[in-house]
Amino acid sequence: MIPGSVGKEKIVFRSYIEVRRVSESDINAVFQIAASVGTGQKDSSQGFLVDNYSSDPAYYKEKFSELAKRLDHFYVAENVTGKNRSQIVGFLIGYTKSQWLEDNPTWLEDVHWHPSFDQERLKDFIVVDKTAIQSYLTGHGIGSELYKRLIKDIRQKNIETMLAETIISPTPNFASLAFRKKQHYHLAGVRYEDYIGETYTDLIYYKDISEF
């Protein structure tokens with residue numbers, strides 16, 4: 001059960017979380033979730049997405065729609081409260097190695113890999129690009145349910161490594177760092193990128209899923 005509310009209206013939470021692949025009809029809900037945690041203001045104590053989604057809704061909805069058609073691992077978490085009653089409360093976007101390098105061709109060279117990181121893991125991997133939970137429902141295990149579905153699917157492809165980035169500058173994402181610890185990630189490296197006139201510092205983490 002997930003306690004929570006929308007404004008003054010309480011949600012009935014005799015429910016369960018169902019994770020499934022995104023569909024075109026989910027795009028508006030995905031955008032609303034992204035906009036709830038991706039704003040112009042970044043709070044270090046709260047999980048956040050880098051972009052300010054409300055700044056250009058049409059652009060970001062089109063971007064989500066394109067990813068939904070293209071990516072193998074774009075999931076939504078649905079809170080199911082009864083027959084024909086559900087609400088999308090989170091999403092996860094993951095890239096295969098080939099998909100990630102298609103969009104970020106110099107990424108492997110841009111990362112300063114930690115000396116202890118075994119680069120044999122880079123032969124095949126999944127990059128978790130974005131995980132977002134409706135802002136008033138963070139901390140209730142929805143992100144973990146999304147990860148369980150992703151791990152189940154990629155283990156069927158014999159992929160053993162997940163990678164993810166977490167921003168530590170200019171605004172550290174402490175909630176994301178805490179989630180990496182909860183999910184038993186390990187530090188793999190660091191990357192610097194220029195984005196909208198600022199230099200961002202991203203920690204690169206990896207998770208061994210060979211035993212899942």
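**Exercise 1. Decide whether threonine 96 is buried or exposed, and find what surrounds it.**

Step 1. Threonine 96 has a relative accessibility of 12%, so it counts as buried. The cut-offs are these: buried means under 20% relative accessible area, exposed over 50%, and partly exposed in between, with a 1.4 Å probe and protein chains only.

Step 2. Now place the residue: threonine 96 belongs to strand 5. Helices (H or I, at least four residues) and strands (E, at least two) are DSSP runs, numbered from the N terminus.

Step 3. Look at the neighbours, where contact means heavy atoms within 4.5 Å. Setting aside residues up to four places away in sequence, threonine 96 touches Asp72, His73, Phe125, Ile126 and Lys157.

A word on the model before going on: it is predicted, so local features need pLDDT of at least 70 and side-chain atom pairs count only at pLDDT 80 or more, while totals for chains, interfaces and linings use all residues. Residues are numbered from 1 along each chain as its sequence is written, and side-chain values use heavy atoms, with hydrogens and water left out.

**Exercise 2. Work out how strand 7 is paired, and why it is largely enclosed.**

Step 1. Begin with burial: strand 7 covers residues 126–133, and 6 of its 8 residues are buried, so the rest of the structure largely encloses it.

Step 2. Take one partner. Strand 5 (residues 85–96) runs antiparallel to strand 7, and 7 bridges join the two. Here tyrosine 95 stands opposite valine 127 of strand 7.

Step 3. Take another partner. Strand 8 (residues 161–169) runs parallel to strand 7, with 3 bridges between them. Isoleucine 126 stands opposite methionine 162 in strand 8, and valine 127 has leucine 163 of strand 8 as its bridge partner.

Step 4. Put the pairs into the whole sheet; two strands pair if DSSP finds at least two bridges between them. The result is an open sheet of 8 strands in the order 3-4-5-7-8-10-9-6, with mixed pairing. Its edge strands are strand 3 (16–21) and strand 6 (112–113), each of which pairs on one side only.

**Exercise 3. List the buried residues of helix 1 and say which elements they pack against.**

Step 1. Helix 1 spans residues 27–37, and its buried residues are Ile27, Val30, Phe31, Ile33, Ala34, Ala35 and Val37.

Step 2. These buried residues pack against helix 2 (57–70), strand 4 (73–82), strand 5 and strand 7.

**Exercise 4. Locate glycine 143 and describe its surroundings.**

Step 1. Glycine 143 sits in helix 5 (residues 142–155).

Step 2. Its relative accessible area is 8%, so glycine 143 is buried.

Step 3. Beyond its neighbours within four places in sequence, glycine 143 is in contact with Ile133 and Phe179.

Step 4. For a distance across the fold, try aspartate 51: it is 92 residues from glycine 143 in sequence and 19 Å away in space, C-alpha to C-alpha.

**Exercise 5. Inspect the backbone at proline 170, histidine 184 and isoleucine 196.**

Step 1. Recall the background: most residues other than glycine have a negative phi, and most peptide bonds are trans.

Step 2. The peptide bond from serine 169 to proline 170 is cis, with omega near 10°. Proline 170 lies in the loop between strand 8 and helix 6 (174–182).

Step 3. Histidine 184 has a positive phi of about 65° although it is not a glycine. Histidine 184 is in the loop between helix 6 and strand 9 (186–195), and with a relative accessible area of 57% it is exposed.

Step 4. Isoleucine 196 also has a positive phi, near 50°. Its loop runs between strand 9 and strand 10 (198–208), and isoleucine 196 is exposed at 74% relative accessible area.

**Exercise 6. Describe the overall fold in numbers.**

Step 1. Count the elements: the protein has 6 helices and 10 strands.

Step 2. Check the radius of gyration, taken over C-alpha atoms; the globule rule is 2.2 Å times the number of residues to the power 0.38. For 212 residues a compact globule would come near 17 Å, and the protein has 17 Å, which agrees.

Step 3. Add the dimensions: the C-alpha trace spans about 50 × 40 × 30 Å along its principal axes.

Step 4. Finish with burial and contacts. Of the 212 residues, 46% are buried. Among contacts with a separation of 6 or more, 68% join residues 24 or more positions apart.
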